[in-house]
Amino acid sequence: MLSFIALALLALALPIECQNLLKHKLNIIILAGQSNMAGRGGVANETSTGIGTWDGVVPPQCQPNPSIFRLSADLAWVKAREPIHADIDARKTDGVGPGMSFANAVLTKDPNFGVVGLVPCAVGGTTISQWQKGEFLYEQLVKRAEMAQQSGGVYRAMLWYQGEADTVNEEDVELYKGRLKTFFDDLRSDLHAPLLPIFQVILASGEGPYIEEVREAQLNIGLPNVKCVDAKGLPLEPDDLHLTTQAQVRLGEMLADAYLRFKPRSLQSNNVPTPCSNFVPFFLITAQFLWIILTFP
């Protein structure tokens with residue numbers, strides 16, 4: 001009886017948007033990688049002070065939606081709004097990324113999809129070696145994903161966009177494919193989601209001369225349930241590295257199309273490795289509160 005009362009009081013104390021999370025199973029979408037996943041759409045070139053500025057323009061496809069939430073840096077579910085990585089990729093200036101466009105497109109095309117829980121984890125300038133098991137970024141990703149699941153969510157997919165930083169050094173290029181496979185395998189194992197659908201964005205740009213070599217490694221990853229969306233040809237900011245706002249909107253829509261095409265067979269137990277399919281163009285429940293609920297059922 002006390003448990004029922006406690007949960008009822010909790011629901012009353014939450015904002016309307018967060019109350020919805022208690023009524024619906026959250027569809028968890030992990031967002032990981034480096035700056036083009038974190039979002040640099042609308043971010044101006046570095047100024048003389050070395051600080052970039054975001055123009056604040058949010059396209060209609062990226063506007064807030066009462067059915068889209070994000071997991072904040074302090075592990076609270078809050079209403080998602082751009083820039084959704086602002087407190088995750090906090091040392092850089094964040095702008096528009098593909099996450100909100102993706103979520104809005106999925107909900108538009110599948111009105112019965114339910115509530116989306118975005119879990120932003122991307123950090124700009126990071127190499128694939130920094131996403132290996134035991135490294136800070138990997139452990140943070142696992143921690144945040146597990147927290148999202150424990151709050152009533154179900155893993156639906158990870159959107160992954162990384163590799164620009166690995167186009168500089170030839171040795172990194174040679175090791176990239178193996179490191180990427182290890183990352184995907186370890187993550188699925190640690191999340192207890194061996195068939196987790198992963199939607200990998202194939203590079204549109206890079207920091208060094210080995211862009212095509214990294215693209216080739218990405219396209220030939222050879223793991224089940226890894227699907228590719230090619231960003232090549234999408235418009236870039238003047239730095240020739242980051243996608244523009246409109247390019248990020250388009251990328252989010254491309255990812256949504258790939259996800260919805262793949263969705264009917266995402267949980268099939270087909271473990272035969274195949275080449276990457278290429279689709280081109282608040283609430284915080286404290287530990288003390290939980291202890292009360294569990295101690296006095």
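Buried means under 20% relative accessible area, exposed means over 50%, and partly exposed is in between (1.4 Å probe, protein chains only). This is a predicted model, so local features need pLDDT of at least 70 and side-chain atom pairs count only at pLDDT 80 or more, while totals for chains, interfaces and linings use all residues. Residues are numbered from 1 along each chain as its sequence is written, and side-chain values use heavy atoms, with hydrogens and water left out.

**Exercise 1. Classify the ring pair of Phe 199 and Tyr 259, then place it in the fold.**

Step 1: Get the rule straight. Rings of Phe, Tyr and Trp (its six-membered ring) pair if their centres lie within 6.5 Å; planes under 30 degrees apart are stacked, over 60 edge-to-face, and the rest tilted.

Step 2: Count the pairs. The structure holds ten aromatic pairs.

Step 3: Warm up on another pair. Phe 183 and Phe 184 have ring centres 5.6 Å apart and planes at 45°, so that pair is tilted. Both Phe 183 and Phe 184 are buried.

Step 4: Now the pair we want. The ring centres of Phe 199 and Tyr 259 are 5.7 Å apart with planes at 65°, so we call it edge-to-face.

Step 5: Find the two residues in the fold. Helices (H or I, at least four residues) and strands (E, at least two) are DSSP runs, numbered from the N terminus. Phe 199 sits in strand β6 (residues 198–202) and Tyr 259 in helix α8 (residues 245–262), so the pair ties together parts that are 60 residues apart in sequence.

Step 6: Check burial and company. Phe 199 and Tyr 259 are both buried. Ring pairs also link them with Phe 102, Phe 113 and Phe 262 into a cluster.

**Exercise 2. Work out how strand β4 is enclosed and which strands pair with it.**

Step 1: Look at burial. In β4 (residues 116–120), five of the five residues are buried, so the strand is largely enclosed by the rest of the structure.

Step 2: Split the faces. In a regular strand, side chains alternate between the two faces of the sheet. On one side of β4 are Val 116, Leu 118 and Pro 120, and on the other Gly 117 and Val 119, all of them buried.

Step 3: Find the neighbours. Two strands pair if DSSP finds at least two bridges between them. Strand β1 (residues 26–33) runs parallel to β4 with five bridges, and Ile 29 stands opposite Leu 118. Strand β2 (residues 68–71) also pairs with β4 in the parallel sense, over three bridges; here Phe 69 stands opposite Gly 117.

**Exercise 3. Pick out the unusual backbone spots at Pro 83, His 192 and Asn 225.**

Step 1: Recall the usual case. Most residues other than glycine have a negative phi, and most peptide bonds are trans.

Step 2: Start with the proline. The bond from Glu 82 to Pro 83 is cis, with omega near -10°, and Pro 83 is in the loop between β3 (77–79) and α4 (99–109).

Step 3: Move on to the histidine. His 192 has a positive phi, near 55°, and belongs to the loop between α6 (170–190) and β6. With a relative accessible area of 69%, His 192 is exposed.

Step 4: Finish with the asparagine. Asn 225 has a positive phi of about 60° and lies in the loop between α7 (211–219) and β7 (226–230). At 10% relative accessibility, Asn 225 counts as buried.
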